[in-house]
Amino acid sequence: MKYFKRLAENIIKKQEKMFKTILVTGARQVGKTTMLKNMNPNINYITLDDMILNQSAVEDPELFLKANKPPIIIDEIQYAPNLLRYIKIAVDNSEKKALYYLTGSQQFNLMKDVSESLAGRVGILNLLGLSLREIKEIDFNEPFIPTEEYLNKREKYKKEISYDEIWEIIHKGSMPVLYQEENDIDMFYAMYVSTYIERDVRSLTQVGDTLSFLKFMTALASRIGQLLNLNSIASEVGITIPTAQRWLSILIASNIVYILEPYYNNIMKRAVKTPKIYFLDTGLAAYLTKWKTSEVLEAGTMSGNFFENYVIVEIIKSYYNSGELRPPIYFYRDKEKREVDLIIEQNGKLYPLEIKKTANPTKDMIVNFKALEKIKEVGEGAIICMYDKIVNLDEKNKIIPFTYL
C-alpha cells in the first residue's frame, strides 16, 4: 500500500528533539498512526480501541505503562485519559526525549487533560487529511500567504492539475486510504460516519439519538460556506438550541467541522460577528449531501461553496503542517453585506482573498478589499480561482491559480 509522505513529519522531527511526549490529534482515518509508524518503523505500538488494552489502561494505568515500555505509540489516548498523569511521572523520571507518541481522534476534554497533566512536556500537532501538496507529492511546506515572496518560492514546486482532477479530489476528499487503493467512496464514508458516531460520539458524549445527530451533520454539510445559524438548523433537525450547540462542539473537537471566525476589533461597529461553517473533509460533506459523482458536484448548485471550502481547508492544512495550532485566518462581512472570503493576519497586516470557482476572474471581485483599509494596514491580496496563470490585477492584488496553494 502506497504511503504518502506527510509534510508534518518535519514538525514531528523537531518536536522529537524538544519534548518527551508528542501528541498528534486529528479526525479518524487521516493517517496519524500511519505517519508515526512510518517515521518509527520499529517502535512499540498499542491502540486503546482494543477493549482489553483499554480496560487494562483504565483500571491499572501504572501496571499498563510498566508492561508497555517506551518508546511507544499509544493510539486513541482519549479512551484512557487517566494514563496521562502516569505518563507525566514516567517522563519526569527520564532524561530521554520522544518517549511517548500519543494520538487522539476526539479532542472533547482531551486537550484539557493534556494541558493539566503534561504542560511543558508535550509537543502537539493537529493533522488533517492529505493536502493537495501531499497528493501530488510536492515537497514544499510553507504556509500559504498571497505575497510575491511566497509565490516565487512556490513556483519552483508547481505541478499542473487539470480541472477534472481537482473536482475528483474535492469530491473524493482527503482520507489517505482513498488514494492508496481502489475503494467505493460511498461505502467508505458510510462506514466512516457509522464508526465515528458509534465510537466517538456515542461513547464519549452519550448522544442517544444517533439518527438526529446524523441529520444534524447533514444539515451543517448543506450549509458549508454560509453564516452559521444554529436556530435554523436546530428547528430543521428537531432539537433544542443547547443540544445543537453541544453537538456542534463535538464536531469541532472531532476535527469534522471548522468554524471560521469573522475578523473583528473594537473600532469595527458594523462588522458581522457570526462565524461561518466549513467541513475539514470535502468528501465527507459531499457524501452527506448526496453528490454522487465529481461531475454532478461540479455542475451543481453548491459547487462554488465546495470550491471555497476546499481552498480554505488547503490553506488551514498549510498552517497546521508547518506547526501552527491556530491558523491566523478570518473572513469579513459587515452590515452593508460587503464580504471578503478570507483574511490572513500576519506581521500586523491583513492579506485579503476572494475564492471563486471561475476561470475568468475580474477586478470587480476585489472591490470589497477597500473596506479593510479603515481597520488595519492591508497587504497583498488575491483572487484564488481556476485560472491557470498568475496575473496582476493592480499593483497590490493578483489572480492566483489554486495550484499555488
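Let's start with handedness: in this predicted model, helix 1 and helix 2 make a right-handed crossing. If you want to find them on your screen, helix 1 covers residues 9–18 and helix 2 covers residues 32–39. Their axes come within 11 Å and cross at roughly 60°. Now, what do we call an arrangement like that? Angles of 65 to 115 degrees count as roughly perpendicular and those under 35 as roughly parallel, so helix 1 and helix 2 are oblique to each other.

Which residues meet there? From helix 1 we have E9, I12, K13 and E16, and across from them in helix 2 are M35, L36, N38 and M39. Sorted by character, the residues of this contact are four nonpolar, one polar and three charged.

Okay, let's move along the chain to the sheet. Six strands build an open sheet here, and if you walk across it the order is 8-9-10-11-13-12, with mixed pairing. Where are the edges? They are strand 8, at 329–333, and strand 12, at 391–392, and each of them pairs on one side only.

Let's zoom in on one of those edges. Strand 8 runs antiparallel to strand 9, residues 339–346, and four bridges join the two. For one position to look up, try Y330, whose bridge partner in strand 9 is I343.

Finally, something packs on this sheet: helix 17, residues 303–320. Helix 17 touches strand 8, strand 9, strand 10 (349–355) and strand 11 (381–385). Compare directions and you'll find that helix 17 makes about 5° with strand 9. Thanks, everyone!

Technical notes:
Residues are numbered from 1 along each chain as its sequence is written. This is a predicted model: local features need pLDDT of at least 70, side-chain atom pairs count only at pLDDT 80 or more; totals for chains, interfaces and linings use all residues. Side-chain values use heavy atoms; hydrogens and water are left out. Axes are lines fitted to C-alpha atoms, for helices over the stretch in contact, and angles run from 0 to 180 degrees between N-to-C directions. Angles under 35 degrees count as roughly parallel, over 145 as roughly antiparallel, 65 to 115 as roughly perpendicular and the rest as oblique. A crossing is left-handed if the near helix is turned anticlockwise from the far one by less than a right angle, and right-handed if clockwise. Contact means heavy atoms within 4.5 Å. Ala, Val, Leu, Ile, Met, Phe, Trp, Tyr, Cys and Pro count as nonpolar, Asp, Glu, Lys and Arg as charged, and the others, Gly among them, as polar. Two strands pair if DSSP finds at least two bridges between them.
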